[in-house]
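Here are my notes on the model you asked me to look over. Have it open alongside as you read.

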Amino acid sequence: MDKTTSLLPDMHQVHQKLEAARKKLDRGPRIIATQERLRDQKQEERDSLKTKLIDLRKTADGKSLQLKSNEAKIQDLQGKLNASTTNKEYEIISSQIAADNMANSVLEDEILEALEKVDQGLQAIADAEEAIKTQEELIKKTVTEVNASKPGLEEQAATLAAELAVFEKEIPGTMMDHYRRLVGAHGASCLTAVENDACTSCYAIVAPQEKVQLNMGKVMLCRSCGRIMYQQKS
Ligand SMILES: [Zn+2]
């Protein structure tokens, strides 16, 4: 059997292991990026809660100011009531004071409600800060883990890449361009095992004549998907 063909199954394994190691290396930074995006989102939510709280506070303050001004008005009316000289005048001022007292009572309820909303807003901000802190801790933990596993994975990938380079020297020069294209398009599945007379990547049936050539050790490409075929070791 041709040396190249006999090496293909092992070469395929090295390709797969290398791809797995590189995927693991890529995965770490992607997880961190996702966790950071979530933290940024939580920070935006907190900032919008802060803006909302300022509005709630302004509403509460505005109503408190209104109440004070109304109270001053009532006091003023009270003075006028005491100085009133006619029954009619007394009645008009009395009913005005009653109406203003009623309005103030409504205003007091509204102030209580607004202050309650301010408290809820403060609590929501505190909860958001806590969630951001938790997320920051998670990011820190992931970064530590990713950094700890990185050197080992990099070493593994480098060793596998060197092993692969040795295998690649055995690929016929005429096939090298095609091989590079296949690696670019399919990664580790640039090679494909033949099982039960079919390509295991695209399931095209290998013709009897091709099977003979494959068994003779000739490097063959799948007619359908173009991958480099090898006979699966039994
Ligand atoms: Zn195929």
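The points below go from the overall outline to the sheet, the core and a few single residues.

1. Overall make-up. Keep in mind that this is a predicted model. The protein has four helices and four strands, and along the sequence they run α-α-α-β-β-α-β-β. The radius of gyration is 40 Å, well over the 17 Å from the globule rule for 234 residues, so the protein is more spread out than a compact globule. Along the principal axes, the C-alpha atoms fill a box of roughly 125 × 40 × 30 Å.

2. Burial and contact range. How much of the protein is buried? Buried residues account for 9% of the 234 residues. As for contacts between residues at least 6 apart in sequence, 73% of them join residues at least 24 apart.

3. Domains. The split is into domain 1 (16-170) and domain 2 (171-234). Taken over C-alpha atoms, the centres of domain 1 and domain 2 are 59 Å apart.

4. The sheet. In what order do the four strands of the open sheet come? The order is β2-β1-β4-β3, with mixed pairing. At the edges sit β2 (198-199) and β3 (220-221), each of which pairs on one side only. As a reminder, strands of a sheet pair through backbone hydrogen bonds, in either a parallel or an antiparallel way.

5. The β1-β4 pairing. Here β1 and β4 run parallel, paired over four bridges. Two positions to click on: L191 is opposite I228 in β4, and A193 has Y230 of β4 as its bridge partner.

6. The β1-β2 hairpin. β1 and β2 pair in the antiparallel sense, over two bridges. V194 has C199 in β2 as its bridge partner. Two residues lie between the strands of this hairpin, and N196 takes a positive phi near 50 degrees there.

7. The β3-β4 hairpin. This pairing is antiparallel too, with two bridges between β3 and β4. M220 stands opposite M229 in β4. Six residues separate the strands of the hairpin, where G226 has a positive phi near 80 degrees.

8. The core. Which residues have the most contacts inside the largest nonpolar core? In this core of 16 residues, they are L8, L191, V194, C199, I228, M229 and Y230. At least two core residues come from each of α1 (3-82), β1 (191-195) and β4 (228-231), and α1 gives the largest share, with five residues. Why does the core lie between the domains? Because domain 1 (16-170) and domain 2 (171-234) both give residues to this core.

9. Y230 up close. Leaving out neighbours within four places in sequence, Y230 is in contact with T5, L8, P9, L191, A193 and V194. Of these, L8, L191 and V194 also appear among the core residues with the most contacts, and A193 is the bridge partner already mentioned.

10. Helix α4 and what comes after. Is helix α4 buried or in the open? Of its eight residues (208-215), the number buried is zero, so α4 lies largely in the open. Just after α4, G217 has a positive phi of about 95 degrees. K218 sits in the loop between α4 and β3. With 14 C-beta neighbours inside 10 Å, K218 counts as partly exposed. Look across to S6 as well: K218 and S6 are 212 residues apart in sequence, yet their C-alpha atoms are 9.9 Å apart in space.

11. I32 in the long run of α1. I32 is in helix α1, which spans 3-82. With 17 other C-beta atoms within 10 Å, I32 is partly exposed. What does I32 touch beyond residues up to four places away in sequence? The contacts are I139, T142, V143 and V146. As a general reminder, an α-helix has 3.6 residues a turn, so residues three or four places apart point the same way. For a sense of distance to the β3-β4 hairpin, I32 and G226 are 194 residues apart along the chain, and 37 Å separate their C-alpha atoms.

Notes. Residues numbered from 1 in each chain as written. Predicted model: local features only at pLDDT ≥ 70, side-chain atom pairs only at ≥ 80, totals over all residues. Core = buried A, V, L, I, M, F, W, Y, C linked by C-beta atoms within 7 Å. Buried ≥ 20, exposed ≤ 12 C-beta atoms within 10 Å, placed from the backbone. Domains from an automatic or database assignment. Contact = placed C-beta atoms within 7 Å. Pairing = 2+ DSSP bridges. Rg over C-alpha atoms; globule rule 2.2 N^0.38 Å.
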